[in-house]
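Biologist: I would like to go through the labels on this structure. Please give me the reasoning behind each one.

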Amino acid sequence: MDISQLANQIILMFILMAVGLLTNKLGFMHGQTATDLTNILLYIVSPCLIINAFEQHFSTSRLRTLGIVMLGIIITYFIMVLVTNLVFKRVSDSNLKRIMQFGSVYSNAGFMGIPLASALFGSTGVFFAVASLAGFNVFCWTHGIALFTPHSGQDSRVKWRQILLNPNIIAIIIGLLIFMSATQLPSLLNQTITYVSSINTPLSMIVIGNSLAAVKLNRHTLDVRLWTPLLLRNLIFPVVCLLILTGFGVTGVPLYTTVLMAACPVAGNVVLFTLKDHGNTTPAVTLMSLSTILCIATIPLVFTLSNWL
């Protein structure tokens, strides 16, 4: 993969984030506006992008590769969960411990990974990126939310409902049916889905930039213990994913796309889940923000290694 192309795309995304930051500073985007735009992205734009990616000729080899990628992703998640349980076992602050564990494991695959995959590899990239998105949703709404609700045994049905009714999971199922049955959507519907999909990248980056506008990084918010989850999320775990996939013989766009999704910064859900648990969100916001800023250097670094391997 051309690293300069990747670097240019990341810089472009940070410019779009700067637009989001500017809209916040000018008072054009308030809390409710950001929430509404996030819902539009999650419930309408992202599912359209996924369905659009599956509108291509059926290929047995492509479906087989998707299955291998999914297996590699599942193994990667189990390794990440195991490692974070061991590394952060002795952290006494329960709020910080949950944030560090979650932030290390879960990347911003939907808001940053999908737009990058779409921009760099088109519909083929999004096709393979959905495996990472599916893995994220399944693990996030089981293991991830359990970190913040440790005594919620009777909530298991709610979590599975959240997984199965997640619009991205529904879109993946619909997309797979379209792909395997070689169904052609009506041209008007297909054009509508394409148009809606096209706003995913700029709108996602503007929303992320808006969220970064409220961050205040200083010596009081920068806890040195946050550097461990930053190292795990931005560098070590993406490399683990890379090694597993190359071990399975995955190459080309499937490899690059999946590693790209794994190399994305900390997921914004870490803040939402901390709020849900009535915890202190300062370390969560700081971790997410630093990880996002650092990814401008760490993502190209991971891809340099992938090219070398």
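The talk below takes the labels in turn.

Modeller: One caution before we start. This is a predicted model.

Biologist: Understood. Why is Asn168 called buried?

Modeller: Its relative accessibility is 6%. Buried means under 20%. So Asn168 counts as buried.

Biologist: Where does Asn168 sit, and what does Asn168 touch?

Modeller: Asn168 lies in helix α7, residues 167-181. Leaving out residues up to four places away in sequence, Asn168 touches Leu42, Ser46, Pro47, Ile50, Leu133 and Asn137.

Biologist: Next, charge pairs. What makes Asp223 and Arg225 a salt bridge?

Modeller: Their side chains meet at 2.8 Å, N to O. The cut-off is within 4 Å, so the pair qualifies. In general, side chains of opposite charge can pair when their charged atoms come close.

Biologist: How many salt bridges does that rule give?

Modeller: The count is one.

Biologist: Are Asp223 and Arg225 called buried, partly exposed or exposed, and why?

Modeller: Partly exposed means between 20% and 50%. Asp223 has a relative accessible area of 24%, so Asp223 is partly exposed. Arg225 is at 38% and therefore counts as partly exposed as well.

Biologist: Now the cysteines. How many disulfides does the structure hold?

Modeller: Zero.

Biologist: How do you know that Cys241 has no bond to Cys264?

Modeller: Cys264 holds the closest cysteine sulfur to that of Cys241, and the distance is 11 Å. A disulfide needs sulfur atoms within 2.5 Å. So 11 Å is too far for a bond.

Biologist: What rules out a bond from Cys264 to Cys295?

Modeller: The same test applies. For the sulfur of Cys264, the closest cysteine sulfur is in Cys295, at 7.1 Å. That is too far for a bond, because the limit is 2.5 Å.

Biologist: Why are Cys241 and Cys264 called buried?

Modeller: Cys241 is at 3% relative accessibility, and Cys264 is at 0%. Buried means under 20%, so both count as buried.

Biologist: Last, the helices. Why is α12 called roughly antiparallel to α13?

Modeller: The axes of α12 (residues 269-276) and α13 (residues 282-308) cross at roughly 175 degrees and come within 9 Å. Angles over 145 degrees count as roughly antiparallel, so the label fits α12 and α13.

Biologist: Which residues make the contact, and of what class are they?

Modeller: Val270, Val271 and Thr274 come from α12. Ala284, Val285 and Met288 come from α13. By class, the contact has five nonpolar residues, one polar and no charged.

Notes
Residues are numbered from 1 along each chain as its sequence is written. This is a predicted model: local features need pLDDT of at least 70, side-chain atom pairs count only at pLDDT 80 or more; totals for chains, interfaces and linings use all residues. Side-chain values use heavy atoms; hydrogens and water are left out. Helices (H or I, at least four residues) and strands (E, at least two) are DSSP runs, numbered from the N terminus. Buried means under 20% relative accessible area, exposed over 50%, partly exposed in between (1.4 Å probe, protein chains only). Contact means heavy atoms within 4.5 Å. Axes are lines fitted to C-alpha atoms, for helices over the stretch in contact, and angles run from 0 to 180 degrees between N-to-C directions. Angles under 35 degrees count as roughly parallel, over 145 as roughly antiparallel, 65 to 115 as roughly perpendicular and the rest as oblique. Ala, Val, Leu, Ile, Met, Phe, Trp, Tyr, Cys and Pro count as nonpolar, Asp, Glu, Lys and Arg as charged, and the others, Gly among them, as polar.
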